[in-house]
Amino acid sequence: MEKKIVVSGIRPTGNLHLGNYFGALRNFIRMQNEYDCYFFIADYHSLTTHPHPEHLRQNVKDILATYVACGVDPEKVAIYAQSDVPETAELYLFLNMNAYLGELERCTSFKDKARQNPNNVNAGLLTYPSLMAADILIHKADFVPVGKDQEQHLEMTRVFAQRFNHMYGTEYFGQPQAFNFGNNLVKIPGLDGSGKMGKSESGNNAVFLTDEDEVIRKKIMRATTDSGPTGMNQEKPEAIANLFQLVRVLCTRDVYDTFDAAYNNCSIRYGDLKKQLAEDTVRFVAPFRERIREILADDAYLEKVRRTGEEKARESARRTLAEVRHIIGF
Ligand code: TRP
């Protein structure tokens, strides 16, 4: 039986952190054996915010190296840069012909970004969803592993696919679905007391896979806490629950239980908890950091990974685009 196709993209906006690892990367590694996977770096998309060329180049490399360091296998998966598959841009053009201003303007992510950055409301930002649809439809994906924040984009992809089919009287595009990780999705909170890791722009909210030991220790020691429980068996407020969630993921069961008991009988010292969490996080991150560094030092290898991914992705993209052009009447 043919393998189902999975497509996922990540914007190259900086180093990857523990939230990326537990949220997406670990699941990519599980998926790569069962599905035909295309994991790309959305460097076209990143132009919506005008990155400096040097940063763009480096960020793309960083993500490539991090994927491989975390165990995404370039022999099994096509790992590539979106801009290496220019067929995507042509499909984007076609999809834009049937994307309506009203629906693009109503998109939540567009409204958010337009509000945050009123001086840079460019057409790329407006048509972000049709570019994302092109990423997905260019490989005729069955599944897209995305979080809640991308569900609306995926829904728009289905609308564009359906509209294309209707317009040309075909059944050419399917309806890509969100890939549901179910219980495998581990939530990683940030260090600043509220929300997900990486959500705030401040680098102190996240532990990056490239952080040095000392940086990790500092960030964790500075994580938001409160003045401590005032009664037995209190419910933990968000900032404290977040720290405990990190302990759950990164420390042993014993450590978790010990601090949990200490919280419940009001003998907890957050400093001790943070010290333990910091050491366990250092132990977890260090091997990734070293591996990322090794890979980044090997330009020839990185280039090979990228070209292998590009070749595989373009083969699939060319096929789709040839068929789409034919359907359209070119
Ligand atoms: N919009 C996604 C994000 O910000 C990144 C992305 C671009 C993507 N194209 C995609 C994700 C295609 C999945 C499939 O996270």
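This is a short dialogue about a predicted model and the terms used to describe it.

Tutor: The model is predicted, so local features need pLDDT of at least 70 and side-chain atom pairs count only at pLDDT 80 or more, while totals for chains, interfaces and linings use all residues. Residues are numbered from 1 along each chain as its sequence is written, and side-chain values use heavy atoms, with hydrogens and water left out.

Student: Why is Ser8 called buried or exposed?

Tutor: Buried means under 20% relative accessible area, exposed over 50%, partly exposed in between (1.4 Å probe, protein chains only). Ser8 has 6%, so Ser8 is buried. Ser8 sits in strand β1. Strands (E, at least two residues) and helices (H or I, at least four) are DSSP runs, numbered from the N terminus.

Student: What does Ser8 touch, leaving out residues up to four places away in sequence?

Tutor: Phe28, Tyr38, Phe39, Phe40 and Pro145. Contact means heavy atoms within 4.5 Å.

Student: Why is His50 called buried or exposed?

Tutor: Its relative accessible area is 55%, so His50 is exposed. His50 lies in the loop between α2 (43-46) and α3 (53-70).

Student: What is notable about phi in His50?

Tutor: Phi of His50 is near 55°, a positive value, and His50 is not a glycine. Most residues other than glycine have a negative phi.

Student: Why is Asn233 called buried or exposed?

Tutor: Asn233 reaches 58% relative accessibility, so Asn233 counts as exposed. Asn233 is in the loop between α10 (213-221) and α11 (238-250). Its phi is also positive, about 50°.

Student: Which residues are closest to the ligand?

Tutor: Gly9, Arg11, Tyr128, Asp135 and Gln150 are the closest of the 13 residues that surround the ligand. A residue is near a molecule if one of its heavy atoms lies within 4 Å of it.

Student: What makes the pair between Asp135 and the ligand a polar contact?

Tutor: A polar contact is a pair of N or O atoms within 3.5 Å; within protein, one must be able to donate a hydrogen and the other to accept it, and residues adjacent in sequence count only if both atoms are side-chain atoms. A side-chain N or O atom of Asp135 is 2.7 Å from a nitrogen atom of the ligand. That distance falls within the cut-off, so the pair qualifies. For Arg11, the side chain has an N or O atom 2.9 Å from an oxygen atom of the ligand.

Student: Which helix gives the largest share of the shell around the ligand?

Tutor: Helix α8 does, with four residues.
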